[in-house]
Amino acid sequence: MPQTSDVMSGLGPVPNVRPTLRQRLVRGIGPAGAAYVFLFPWLAGFLVLTLGPALYSLYLSFTDYDLIGAPRWTGLDNYTRIATNDPKFAASVRVTLTFVLLSVPLKLAFALGIAVMLNRGLKGLTLYRAIFYLPSLLGTSVAIAILWRQLFSGDGLVNGILGQFGIDGPSWISTPDTALYTLVILAIWQFGSPMIIFLAGLRQIPGDIYEAAEMDGASKVRQFWRITLPLLTPVIFFNAVVQTIEAFKAFTPAFIISGGTGGPIDATLFYTLYLYQEAFGYFRMGYASALAWILLVIIAFFTAFSFLTARYWVHYDD
Amino acid sequence: MSQATSIALQNFVKRYGAAEVIHGIDLQIEPGEFVVFVGPSGCGKSTLLRMIAGLEPISGGDLLLDGRRVNDVAASERGMAMVFQSYALYPHMSVYKNLAFGLETAGAAKDTIRRKVEHAANILQITPLLDRKPKQLSGGQRQRVAIGRAIVREPKVFLFDEPLSNLDAELRVQMRVEIAELHRDLGNTMIYVTHDQVEAMTMADKIVVLKDGHIMQVGAPLDLYNRPANRFVAGFIGSPHMNFLTARVTGRDGDRPILDIDGQTVTLPRPVPGLTEGSTTTIGLRPEHMRLDPRPGMQTMTDIHTNLQESLGGQTLVYAQTPGKQRLIIAVNGQHDVPREIEIWFDPANIHVFAEDGRTL
């Protein structure tokens, strides 16, 4: 006798076909159970590699732990010390905030400028896009950080060029007043990723809106400020949030350029670099964990602030 | 106050690289005229409008506004305003800001802007919508705002690029009437692009029929309907479109040609120069010029086989074919239950005769 489904489908009875793995699973443990089986590889990875270590680091942040002995519960001591008696923490926050507040707006402005330029129906756009994106792929690599050190050192290329004009430049990376700014320039140079996103956003703005503005007598500059920029605010917002988080997490360039010290005189002591020093320099895992959780709170605060203010300046079309 | 302007296109040409898409068009538009450019997709009607607007460079020829050559004058300085098919409203601005943008750009005083925006809003009955954003408006309301944006600039010429094609049928009819009333009230020169010949017929003072970058005919709507210059215009103007039948000239009754259409004899009521005995020609007969019952002076065709009928209530469309399998659409007033085989009646004065090259004879 044919199965009901065969009759319903009008295809008639089918010969005995071996049920698939999925059919056998569903029959054995139900649809929800089968779903968990397929979900397991990701779920295991999430629990073991992400959530587990995160919760463990939260626990460690309340302990004194040097990787050798067992963690010793110290309550809020780590947090109290960070808040009241750690000048390096304050220095690293100051350096990181300066870096974030300078590099993110400048990088976004630079990326937007290049995207607007590329959006003007340039011939060979694909090639230019690839060339401009390249620094983003290379920028966080160790090799580029080393190259950057060569560029801005006392006898580097930058001073070589300045020398042509009779200017005797300092060693930019070993002068406390300028070291951080070389890292800001390196960050700006990695504008490719936000540029690609800006370019996609610019492509989304309908051409006839610009034609309407042209009929209304708006110059190209006015069109940019009154049409392009407001319509691009969702993309600006997205890029700003992502780049801010990235900037807070910046590590490699400062590590390579300062040789892992955050010098000169803590001028490039990024928060993550200080955290690294505490964890793997002094093996104060509990203290480093507390620093990591504070960084999470700082990033969450900035992100939440961005979302709260978005309603006042981000325009969504629907 | 009306600011009607004359527009002249002289040997107007548009090229994209080596490809010429507008081929030396000459056209005179009188002050205050409502001119409709109509034609199938790709005929160049929107390109022509955009060239007049200043959004597309003119490759050759001259554009004259009130006799002044404006080829090189910027779009915003030609005294024209354009309503786009997609409305092209600024989505991040309120309706008020949308209307005011052009005036703000021109540096108008705030109270002048307010007065003009409120005046336009009043004309278009969109005053309650001034604080809303475009996304909060219906299609018809957006179209009104787009028209309002044109009105506030007090242009000499209004340009409409298929402004109703995104609206549903009922709203299209309503907006069609409103645009016609606006033209009557403002008296400006208006150029309107559409592919919909019903819009062209109902709104235009003058219709310009375009095909492949050439003007096929220019004239008043009923001129084009009654006296199409060629087969293309005859087929394009009128809905349902004109029937075209192949006929053979078999003889003459005096100087009136006698035609044979699939074995049926039809005598034309007038001499037609260029029709020689034994030659084949194409005749055109509009669906609404055929009847199912006789009238004095009418001629008939028998053995017409009906394939399908569409009852529209006030009118019945019959899809049929002649004994020689030539297709016919017959539009008869009223409600009918049409049999499979019918006889049709028509006044031979309504027959159009076309030469081999498509010209009307």
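Me: What makes two strands of chain B count as paired, and in which order do the strands of the open sheet of 6 strands run?
Reply: Two strands pair if DSSP finds at least two bridges between them; strands are DSSP runs of E of at least two residues, and helices are runs of H or I of at least four, numbered from the N terminus. This is a predicted model, in which local features need pLDDT of at least 70, side-chain atom pairs count only at pLDDT 80 or more, and totals for chains, interfaces and linings use all residues. Residues are numbered from 1 along each chain as its sequence is written, chains are lettered from A and ligands numbered from 1 in the order in which they are written, and side-chain values use heavy atoms, with hydrogens and water left out. With mixed pairing, the order in chain B is β6-β7-β8-β3-β9-β10.

Me: Which residue in β8(B) stands opposite B:V35?
Reply: Strand β3 (residues 34-38) and strand β8 (residues 189-194) of chain B pair in the parallel sense over 5 bridges. Opposite B:V35 in β8(B) stands B:I191.

Me: At about what angle does helix α4 of chain B run to β6(B)?
Reply: Helix α4 (residues 139-152) of chain B lies across β6 and β7 (157-161), where contact means heavy atoms within 4.5 Å. Axes are lines fitted to C-alpha atoms, for helices over the stretch in contact, and angles run from 0 to 180 degrees between N-to-C directions. To β6(B), the helix runs at about 175°.

Me: Why is one side of β13 and of β20 of chain B left without a neighbour in the sheet?
Reply: The open sheet of 5 strands has antiparallel pairing, in the order β13-β12-β11-β14-β20 (chain B). One side of β13 (264-267) and of β20 (352-354) is left without a neighbour because each stands at an edge, with a single partner strand.
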